[in-house]
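Work through the following exercises on strand pairing and core packing with the sequence and the coordinates side by side, and attempt each task before reading its solution.

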Amino acid sequence: VALPGLVPGALVLSGGPAHVVSRTVQVAHFEASPAKVFRMAVIALFGATGKTGSRVLARAVAAGHEVQVLVRDPSKLGPVRDQVTVVPGDVLDAAAVDRTVAGVDAVLSVFGQVKGSPRDLQARGTLLIIEAMKRHDISRVVTLSGGGLRAPQDRPKLPDRMIRAAL
């Protein structure tokens with residue numbers, strides 16, 4: 001879907017009123033001009049097998065976008081696995097990140113902490129993504145972080161409670 005005023009290849013995750021990805025994010029509905037036809041975007045997606053990423057991936061594929069995903073375990077992609085370009089690897093592997101962003105129009109980063117991941121995973125992974133984007137002259141990125149958001153099932157540790165108090 002093309003959005004008036006945006007560059008060709010602009011990504012929209014929904015063609016109608018959108019309640020996109022999570023309970024805290026909504027996207028406004030835009031009507032595209034039938035006279036403007038743009039090609040679908042080629043998207044790099046980091047975090048495609050997570051709760052948010054799997055929803056983003058399903059919407060992007062359904063919208064007709066070509067998607068390249070970096071995943072540790074391709075079997076977790078489910079039914080869309082055959083509809084995407086899979087780059088096996090980890091977000092902390094600079095070469096794998098580079099292969100994932102090569103040739104794309106935009107980057108969507110929704111990866112996050114999992115059990116056993118380094119404490120600085122998001123900072124280091126995001127830095128590698130940005131460095132790869134610079135090498136490939138990619139300027140469009142959407143990133144999502146869950147830091148600071150509370151969910152009823154959270155059991156925040158002392159540092160989390162201190163940060164929350166400071167905010």
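**Exercise 1: strand pairing**

In this predicted model, Ala44 has Gln68 of S2 as its bridge partner. Starting from that pair, determine in which sense S1 and S2 run, parallel or antiparallel, and how many bridges join them.

Solution. The pairing of S1 with S2 is parallel and comprises 5 bridges. Next, follow the chain from one strand to the other: S1, helix H1 (residues 51-62) and S2 form a β-α-β unit, and this unit is right-handed. Then turn to strand S3 (residues 85-88), which runs parallel to S2 and is joined to it by 4 bridges; here Leu70 has Val87 of S3 as its bridge partner.

**Exercise 2: the enclosure of S2**

Explain why strand S2 (residues 66-71) is largely enclosed by the rest of the structure.

Solution. Count the residues of S2 whose relative accessible area is under 20%, the cut-off for buried. Because 5 of the 6 residues of S2 are buried, the strand is largely enclosed by the rest of the structure.

**Exercise 3: the nonpolar cores**

Identify which residues of the largest nonpolar core touch the most other members.

Solution. This core has 18 residues, and those touching the most other members are Phe46, Val91, Val97, Val101, Val107 and Ile129. Two or more residues each come from strand S1 (42-46), helix H2 (94-101) and helix H3 (121-135), with H3 giving the most, 5 residues. Taking Val97 and setting aside residues up to four places away in sequence, one finds that Val97 touches Phe46, Leu70, Asp90, Val91, Leu128, Ile129 and Ala132. Apart from this core lies another, of 16 residues, including Ile43, Ala60, Val67 and Val110.

Note on methods: Residues numbered from 1 in each chain as written. Predicted model: local features only at pLDDT ≥ 70, side-chain atom pairs only at ≥ 80, totals over all residues. Heavy atoms only, no water. Core = buried A, V, L, I, M, F, W, Y, C linked by side-chain atoms within 4.5 Å. Buried < 20%, exposed > 50% of the residue type's maximum accessible area, 1.4 Å probe, protein only. Contact = heavy atoms within 4.5 Å. Pairing = 2+ DSSP bridges. Right-handed = clockwise from strand over helix to strand, strands pointing away.
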